Amino acid sequence: MVAITLPDGSKRDFEGAVTGLQVAESISKSLAKAVVLAKVDGEDWDLNRPITTDATVSLVKKDDEEALDLLRHDGAHVLAQAVQELFPGTQITFGPSTDDGFYYDFHREEPFSTDDFAAIEKQMRKIVERNDEIVREVWSREDVHKYFTENGETFKAEWVLELPEDQDITMYRQGDQWVDLCRGPHLPSTGRLGTSFKLMKLAGAYWRGDANNPQLQRIYGTVWRNDKELKAYLTRLEEAEKRDHRKIGREMGLFHIQEEAVGAIFWHPKGWKLYSTLEDYMRKRITVADYVEVRTPQLVDRKLWEMSGHWDKFHEHMFIAEVDEVDSAAAEDSKRMLALKPMNCPGHVQIFRQGIRSYKDLPMRMAEFGACHRYEPRGALHGIMRVRAFTQDDGHIFCTEDQIVSETKVFIDLLKSVYKDLGFTEIAVKFSDRPEKRAGTDEIWDKSEAALKEATEAAGLSYTLNPGEGAFYGPKLEFVLRDAIGRDWQCGTLQADFVLPERLDAAYVGEDGEKHRPVMLHRAILGSFERFIGILIEQYAGKFPVWLAPTQAVVATITSVADDYAEEVTNALKAAGVRVECDLRNEKINFKVRDHSVKKVPLILVVGAREAEEKTVAIRRLGGKAQEVMSLDAAIELLKSEAALPSGE
RNA sequence: GCCGCGGUAGCUCAGUGGUAGAGCGCACCAUUGGUAAUGGUGAGGCCGAGAGUUCAAUUCUCUCUCGCGGCACCA
């Protein structure tokens, strides 16, 4: 007798071992049809796995949110089976579910092509139609190893030997022929997967994520509970594509990149207006926040990088310039090696080191919009988001250990306020604590970790822990913001550093008259201007708030009789500091409105004979239908205030 | 860097072993109009670069280069 308790508290008795599917059948036919997974005492169980002892059982239906992960995992298996049926000799490796689908990594001498997708999808549909039974089997490690070795599945054979000794090794049999090593759970049969899936892309991936290992071929797919969901997902992807900063950047004429300067940006007039507006805004904010702005050299002798430790660890990511010593007779054929700075911190320490610093000078908040170069791997480059030449909104706060908490808190408040001005309100924090290889004593780490945590909490932010992911010189906070379509971007950072001040001999004189080491807090809010502007473009889909828009307003005439007045309006707005253009083209107003709307100009000021006569303007906002007629003076005041930089209030 | 895919007009994309195509944009002409496309005419191309096969290559093959999607990387 097995007694099954259901979620509503009711009990059912069964003669002997019973499966989740049988429990469902005992309740109703429709439930038996819809169910995909059993939860036995809270644990995921395959529907056809026998339950032999009394248990609490709840059933997951295909419509339930929870079912997605299972369906996707089964999608991966059906893909793997289809591929092996179509391409004998292909080895299977791993195939997990992902956030919106699954992938499966294969090993095959011949490359797959996306042209194969149609055939593979067709085969997957056949497997679903066949409704192959999926059965969980417990095997011994030796049997699994033998099985895969005999079948030429070297990756699987290697993997099984590394599974923990004390764990049951489960194999899932799918149909008569096909078996895969898997933890499960799975559907009872392939038919329950349905056909709301689609193969998405093909990519290379390294065996076990290590670039030293052989490369496998990864096929990505997506799975949903029904066709409507699948379609919605594909639409969502299209929407994201429309926001792509590379596409919008080209359409709006913001920037370009060309072969001769890979990883660096040619900013066009409109793009640079956006950039410099963001820079003006950041300068305003940090000035109010008591930072001092500095500028440090681009090219710095190798010696400094050796002292700071960068040469040792990162020189292959640095751009090197080698020059002949031309003006030194003593060093006739000697070379001098310089490197473009990949970071600003060593430069800032040099400024801090000039003269004698007192504890009264601390905290010293030093900021630089620092242009850095890093030799990023080619495959890492992406539009203006990941480049080799970029500008950080960098800053280093030199302070005492006792000031870490208050400085962190002040920084987080500034960061939150900046993000809010820029349109981001959902912020997550990741806290990375001490890594295994680190500098500094445990005592110092205890202190700095506690300080960062305390300050984060005091600033009203919750955080998730990233154990062991801190920098070698100190713990770090990373600030992640969520954009308008739910994507996460890591931008800001705050890192406590006890090492660099030591290496570069930064010191201040304390109250006691003795020399002390300051702590350095490395911090950035945007991260880099280039990347952040990319994020802003995608966040707003190019439709920037007035204060950020490269062109804030266009004055457009209806007929040429209003030309003189239109120029008068334009000049008045220019004088008021508004970025405005004048459109006197011999075109219909419909055409002009459409043209400037497509170009995403936030405000269109329409003037015709009537407005010229009455000294008014008709304002139309981007995306809106309504127009508001007001006096020129009122319009100037309105635009002036909307065009102004926000101040974090 | 690795795997797969791609590069044709300013942009989006057709196309072909034998003289290169469309839409939008651009220029010019006409049109003076009331809130998302007025009509006409025209210009615009080393078909990414180099080599090979061929009577002939934008088209087929190879190398390079750049881009795209992942992987690895992101101090």
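Which element gives the largest share of the lining of the second largest pocket? In this predicted model, that element is helix H7, with 6 residues. H7 spans residues 227–242.

Three strands also contribute to the second largest pocket. Strand S7 (101–107), strand S11 (197–206) and strand S12 (215–223) each supply at least two lining residues, as does H7. The lining comprises 25 residues in total. Those nearest the centre of this pocket are Asp100, Tyr233, Leu237, Ala240 and Arg487. By class, 10 of the lining residues are charged, 9 are nonpolar and 6 are polar. The pocket holds about 800 Å³ of space. Residues of the lining come from both domain 2 (67–239) and domain 3 (259–322 + 334–540), so the second largest pocket lies between these domains.

The largest pocket encloses about 1,300 Å³ of space. Its lining is made up of 45 residues. Pro342, Met343, Arg374, Gln392 and Gln495 lie nearest the centre of the largest pocket. Both helices and strands take part in this lining. The helices are H11 (310–314) and H15 (500–503), each with at least two lining residues. Strands S21 (389–399), S24 (476–482), S25 (488–497) and S28 (519–528) likewise supply at least two residues each. The lining of the largest pocket divides into 17 nonpolar, 16 polar and 12 charged residues.

Methods. Residues numbered from 1 in each chain as written. Chains lettered and ligands numbered in written order. Predicted model: local features only at pLDDT ≥ 70, side-chain atom pairs only at ≥ 80, totals over all residues. Heavy atoms only, no water. 1 Å grid on protein atoms, 1.4 Å probe; cavity = no way out; pocket = protein on both sides within 12 Å on 5 of 7 lines; lining within 4 Å. Points joined across faces, edges and corners; volume = space filled by probe spheres on them. Helix = DSSP H or I, 4+ residues; strand = E, 2+ residues; numbered from the N terminus. Nonpolar A, V, L, I, M, F, W, Y, C, P; charged D, E, K, R; others polar. Domains from an automatic or database assignment.
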